Amino acid sequence: MSENFGLSAALATPFDVDGEITIPGVIEQAKHCLANGCKSVTLFGTTGEGASIGMQERKQVLAAMLAAGITPQQIVMGVLVDAAEDAAAQAGQALAQGVRNILLAPPSYFKNVSDDGLFKWFSAVFTMLGTHARDVIVYNIPSVTMVPLSISLVGRLRAAFPDVVVGVKDSSGDWPYTEELLKTHGDLIILIGDERHLARGVRLGGQGAISGMANLLPREVQAMAEKGIDDANVERFVGQLLNYPVIPSIKAILARLTENESWLAVRPPLVALNSQDSDTLFAAFGAQFRAKAA
């Protein structure tokens with residue numbers, strides 16, 4: 001791509017009282033993020049509870065987003081499944097609609113797997129996609145998957161699939177790993193998932209972020225993701241947020257900011273943040289953020 005990736009909001013997914021996706025709410029949140037500094041939105045990543053979203057729902061939401069005037073180049077699709085066949089099906093469905101990128105996590109049910117095994121899994125996905133395979137950002141988030149993507153595995157994948165693997169989203173929170181990834185594979189699109197390391201990573205050549213915090217503070221995170229500007233307030237709050245379940249916490253703050261309690265809903269097996277923790281966390285969010293994010 002000719003320009004840096006920039007900031008993509010790891011879009012939270014709203015649900016109604018029956019647990020169904022509230023499609024107008026998805027569209028509204030996406031348009032808010034795109035109007036406030038995000039170059040794209042990422043559907044059904046970690047923050048979007050993508051591991052709990054099925055094929056038919058994905059198809060419906062993507063179609064509604066496109067019908068609402070959000071362009072394919074403003075959409076990244078998260079794929080967080082274990083079976084290579086399912087990963088290829090979800091990725092292929094989105095690629096057929098022209099989405100910008102696929103954010104592809106490794107399989108996570110089996111633990112302590114080897115680089116050889118992971119290489120074979122990714123290879124199987126790309127082989128099933130065939131000529132449709134393109135613009136894949138592999139997703140390193142071992143705190144969730146318990147399956148780290150080594151620097152050498154990234155090298156093997158890019159060498160074997162140079163027209164498919166275009167980047168890495170690194171949500172490891174491990175700065176030495178991030179630094180080595182930038183040094184070794186800096187010509188790929190390296191996205192920093194931990195906002196505490198974002199500005200520093202961008203100054204070393206990172207191309208931006210797919211960020212859950214962009215749901216709440218898109219302008220602040222944009223400055224970090226595109227200009228490498230440190231923001232101590234954002235970094236401090238991320239540290240506080242990590243003391244709570246992250247996805248319910250982001251949605252609890254969204255509920256307060258939008259005065260829409262439907263944002264509190266999460267899909268099982270997750271549960272909503274309790275009111276005491278919600279009050280504490282929103283107070284920590286700080287008056288300096290509330291006025292900007294509302």
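Is Asp116 buried, partly exposed or exposed? Asp116 is partly exposed, with a relative accessible area of 46%. Keep that residue in mind. One caution before we go on: this is a predicted model.

Let's start with charged pairs. Side chains of opposite charge can pair when their charged atoms come close. How many salt bridges does the structure hold? It holds eight. I'll show you three of them.

Asp116 is in one of these pairs. Its side chain meets that of Arg156 in a salt bridge, 2.8 Å from N to O. Look at where the partners sit. Arg156 is in helix α6, residues 151-160, and Asp116 is in helix α4, residues 115-129. They are 40 residues apart, and the pair links distant parts of the chain. Arg156 has 35% relative accessibility, so it counts as partly exposed.

Next pair. The side chains of Arg256 and Asp279 form a salt bridge at 2.3 Å, N to O. This one also links distant parts of the chain: Arg256 belongs to helix α11, residues 246-258, and Asp279 to helix α12, residues 275-285. The separation is 23 residues. Arg256 is partly exposed, at 33% relative accessible area. Asp279 is partly exposed too, at 43%.

Third pair. Arg134 and Asp135 join their side chains in a salt bridge of 2.9 Å, N to O. Arg134 is partly exposed, with a relative accessible area of 23%. Buried means under 20%, so 23% does not qualify.

Stay with α11 and α12 for a moment. Which residue of interest sits in the loop between them? Find Asn274 there. Asn274 is partly exposed, at 40% relative accessible area. Its side chain reaches the backbone nitrogen of Gln276, at 3.2 Å. Now compare sequence and space. Asn274 and Pro248 are 26 residues apart in sequence, and their C-alpha atoms are 9.3 Å apart.

Now go inside. The largest nonpolar core has 87 residues. Which residues have the most contacts inside it? They are Met65, Ile102 and Leu104. Which helix gives the most to this core? That is α4, with seven residues. We met α4 already, as the helix that holds Asp116.

Take Met65 and look around it. Setting aside residues up to four places away in sequence, Met65 touches Val26, Ile27, Ala30, Val41, Leu43, Ile70 and Ile75. There is also a second, separate core. It has 13 residues, including Ala10, Val76, Ile137 and Tyr139.

Here is a polar residue on the inside. Gln29 lies in helix α1, residues 23-35. Gln29 is buried, with a relative accessible area of 5%. What does Gln29 touch, leaving out residues up to four places away in sequence? Its contacts are Leu11, Asn215, Leu254 and Trp263.

Next, the helices and their faces. Take α7, residues 175-185. Its buried residues are Trp175, Tyr177, Thr178, Leu181, Leu182 and His185. They cover an arc of only 160° around the axis, which puts them on the same side of α7. On the other side, Pro176 and Lys183 are exposed. What do the buried residues pack against? The list is β5 (136-140), α6, β6 (165-170), β7 (189-192) and α8 (198-203). Notice α6 in that list. Arg156 sits in that helix.

Then look at α10, residues 232-241. Val234, Phe237, Val238 and Leu241 are its buried residues. Seen down the helix axis, they fall within an arc of 105°, so they line one face of α10. What caps its N-terminal end? Asp231 does: a side-chain oxygen lies 3.1 Å from the backbone nitrogen of Asn233.

Last stop, the cysteines. How many disulfides does a search of the whole structure find? Zero. Consider Cys33. Its nearest cysteine sulfur is that of Cys38, 4.8 Å away. A disulfide needs the two sulfur atoms within 2.5 Å, so this pair does not count. Cys33 is buried, at 0% relative accessible area. Cys38 is in no disulfide either, and it is buried at 5%.

To recap, keep three pictures. Salt bridges such as Arg156 with Asp116 link distant parts of the chain. The largest nonpolar core has 87 residues. And the buried residues of α10 line one face of that helix.

Note on methods: Residues numbered from 1 in each chain as written. Predicted model: local features only at pLDDT ≥ 70, side-chain atom pairs only at ≥ 80, totals over all residues. Heavy atoms only, no water. Salt bridge = Lys/Arg side-chain N within 4 Å of Asp/Glu carboxyl O. Helix = DSSP H or I, 4+ residues; strand = E, 2+ residues; numbered from the N terminus. Buried < 20%, exposed > 50% of the residue type's maximum accessible area, 1.4 Å probe, protein only. Core = buried A, V, L, I, M, F, W, Y, C linked by side-chain atoms within 4.5 Å. Contact = heavy atoms within 4.5 Å. Arc of directions from axis to C-beta. Polar contact = N/O pair within 3.5 Å; in protein donor to acceptor, adjacent residues only side chain to side chain.
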